Amino acid sequence: MSVVFEKPKSLTDAVLHYCPGCTHGIIHRLVAEVIDELGIEGKTIGVAPVGCAVMAYDYFTCDFVQAAHGRAPAVATGVKRSDPSKIVFTYQGDGDLAAIGTAETVHSAARRENITVIFVNNAIYGMTGGQMAPTTLPGQVTQTSPYGRDVETVGYPVKVCELLSNVDGAAYVERVAVNNVKNVKNAKKAIKKAFQNQIEGKGFSLIEVVSTCPTNWGMTPEKALEWVDEKMIPYYPLGVYKDIYAEEEAK
Amino acid sequence: MSEKVLMKGNEAIAEAAILAGCHHYFGYPITPQTEVAAYMAKRMPKIGGTFLQAESEVSAINMVIGVASTGKRVMTSSSSPGVSLKAEGISYLAGCDLPAVVVNVQRGGPGLGGIQPSQSDYFQSVKGGGHGDYHNIVLAPASVQEMASLTFKAFDLADKYSMVSMILADGTMGQMMEPVSLDAGEVNTYEKPWALTGTNCERKHNIVNSLYLKPEALDQKNFERYEKYKTIEENEVMYEEYLMDDAEICVVSFGITARVAKNAINEARAKGVKVGMIRPITLWPFPKKVLNEAADKCKAFISVEMSMGQMIEDIELAIRCKKPVYLCNRVGGMIPTPEEVLAKIDEVNENGGAF
């Protein structure tokens with residue numbers, strides 16, 4: 001009997017702690033598949049965030065360091081500068097990367113640190129129970145925006161890919177989603193390219209994955225996937241925001 | 001002993017770090033320690049090391065965490081307001097049991113304070129500084145020579161005990177020039193089986209982490225860490241005794257104020273006053289035992305410091321409040337003069353050490 005589907009080698013046997021319907025599981029799997037396919041498991045070092053993915057270090061088989069909230073790109077900078085032959089990635093949520101860690105995100109991109117950043121945007125602080133995030137949509141109800149995000153008083157969401165597209169040092173910035181099969185396939189392609197770039201020394205790559213939080217959005221998993229299409233993607237359009245090598249080739 | 005060269009204290013720290021095998025330095029400009037960064041910026045590219053000016057002190061300390069987690073020697077330096085920003089990262093280094101060297105060339109505070117020398121980060125340095133139960137090893141140089149030799153020591157102790165060693169200097173130590181011998185001696189290397197070096201698919205993955213969601217596990221981890229601290233308190237205390245054999249008054253002082261105090265002590269001795277000094281070189285672990293023994297012989301203590309009396313509390317604890325401890329201090333960037341210290345010695349001598 002031939003094996004047609006199995007767990008990526010780069011994932012441990014630990015049971016994921018994520019809520020039912022959360023897309024972290026899919027994104028973990030995509031990252032692990034890419035690590036397997038590129039044959040870099042033994043030389044990859046991950047940096048875990050603070051947030052729902054804090055225990056990512058238990059789920060991947062590669063070496064891992066857990067960073068303070070928002071500081072993963074700075075920690076990754078240290079790891080990569082210590083040994084540039086290693087493949088270093090961070091895995092961060094929206095509160096971590098786009099609020100408390102904005103400076104670390106922008107400056108690691110500006111320095112063109114040769115690292116890969118996986119940015120999971122589900123428009124809410126999941127781990128602390130559903131508070132307003134830097135990426136919470138206008139009007140979106142959360143625990144700390146109980147009447148809906150009022151842009152007049154708390155301002156607008158941060159669009160990370162658009163922001164980084166103006167940072168000269170960023171090499172490759174793409175926004176993807178994992179709410180349907182087609183998007184999952186595209187997401188894997190983008191994640192693979194982000195790791196491939198690092199192997200080739202091309203510099204800072206960030207993949208924003210538009211994700212879900214059924215628990216804190218107060219939706220069924222199916223409804224949450226639909227909400228990604230209806231609300232998230234119109235505000236956070238998918239696509240390549242920056243690819244300096246494609247730009248160079250086009251010239 | 002190698003040939004002596006004339007160097008600024010800040011530069012002596014930087015060169016000593018490189019000689020101790022530190023090839024990664026992350027900094028951010030702040031007076032009065034910026035020469036450390038400037039020196040590293042010049043030297044690191046020439047030895048194939050990393051100098052990186054981070055976007056903030058917060059990022060710099062987290063870059064330190066990154067290098068430390070791979071098992072290599074690494075350093076950052078700053079001055080008081082910048083060290084406050086690093087406190088989060090220092091707590092993480094403690095929680096992850098990572099070795100690193102942090103330099104604080106102190107200036108006056110609180111807030112933006114001033115840019116002149118101070119010792120008012122004593123509490124922050126010796127009591128922890130960030131959140132949680134932890135200690136740093138804290139070394140207090142009193143000469144440019146010690147800026148170098150205690151840097152060698154700091155790297156060794158950090159690796160030996162897998163924790164942060166802090167050099168607690170001040171603006172004077174950073175800025176003044178003195179002849180210094182840069183002889184690192186034999187640099188010890190320590191096994192770091194926990195280091196993130198890539199599994200090479202040959203071992204289970206290493207995890208560097210300070211999160212323990214099970215209270216029993218975090219409880220146990222903290223108790224284990226304090227067992228280590230106990231060993232350090234037993235084995236690594238460093239101090240200098242000056243004219244203590246027949247001393248009736250014991251001055252306690254570290255860093256630049258210890259040098260000022262020495263002048264005052266010499267003048268007092270010329271007048272026949274029996275005064276000596278115990279100069280802590282390690283502020284944590286604090287030289288409790290020698291102070292407590294001194295309390296059985298001396299009638300009074302004088303703490304000479306550039307803070308509002310932060311070290312005085314540790315002296316009183318060390319001597320179990322057996323004898324009075326007086327404070328002689330200036331703050332805000334002012335350095336006590338030998339005359340001021342002498343006046344305090346005379347005053348204490350005349351009132352016989354009574355409260």
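**Chain contact, domains and a buried helix in a predicted model**

In this predicted model, 29 residues of chain A are in contact with 30 residues of chain B, two residues being in contact if their C-beta atoms, placed from the backbone, lie within 7 Å. The model is predicted, and local features need pLDDT of at least 70, side-chain atom pairs count only at pLDDT 80 or more, and totals for chains, interfaces and linings use all residues. Residues are numbered from 1 along each chain as its sequence is written, while chains are lettered from A and ligands numbered from 1 in the order in which they are written.

On the side of chain A that touches chain B, the elements giving two or more residues are strand 1 (44-48), strand 2 (63-66), helix 3 (72-82) and helix 5 (102-110) of chain A. Helices (H or I, at least four residues) and strands (E, at least two) are DSSP runs, numbered from the N terminus. Helix 3 of chain A gives the most to this side, with 8 residues. By class, the side of chain A that touches chain B has 13 nonpolar, 8 polar and 8 charged residues; Ala, Val, Leu, Ile, Met, Phe, Trp, Tyr, Cys and Pro count as nonpolar, Asp, Glu, Lys and Arg as charged, and the others, Gly among them, as polar. Strand 2 of chain A is also joined by 2 bridges to strand 9 (residues 207-208) of chain B, and the two run parallel; strands pair if DSSP finds at least two bridges between them. Within strand 9 of chain B, B:Val208 is the bridge partner of A:Val65.

Chain B contains 12 helices and 15 strands. Its radius of gyration is 21 Å, close to the 20 Å that the globule rule gives for 355 residues, so chain B is as compact as a globular protein of that length. The radius is taken over C-alpha atoms, and the rule is 2.2 Å times the number of residues to the power 0.38. Of the 355 residues of chain B, 55% count as buried, that is, with 20 or more other C-beta atoms within 10 Å of their own (exposed: 12 or fewer; partly exposed: in between; C-beta atoms placed from the backbone).

Chain B is divided into domain 1 (4-235) and domain 2 (239-350), with bounds from an automatic or database domain assignment. The centres of the two domains, taken over C-alpha atoms, are separated by 28 Å. Their contact takes 26 residues from domain 1 and 22 residues from domain 2 of chain B. Helix 5 of chain B supplies the largest share of the domain 1 side, 4 residues.

Helix 3 (residues 57-69) of chain B has 13 residues and reaches 18 Å from its first C-alpha to its last, close to the 18 Å expected at 1.5 Å a residue, where the expected span is 1.5 Å times one less than the number of residues. Since 13 of the 13 residues of helix 3 of chain B are buried, this helix is largely enclosed by the rest of the structure. B:Ala60 is found in helix 3 of chain B and is buried, with 28 other C-beta atoms within 10 Å. B:Ala60 and B:Phe26 are 34 residues apart in sequence and 5.2 Å apart in space, C-alpha to C-alpha. Leaving aside neighbours within four places in sequence, B:Ala60 is in contact with B:Phe26, B:Gly27, B:Tyr28, B:Ala54 and B:Thr76. Helix 3 of chain B is followed by B:Gly71, whose phi is positive, near 90°.
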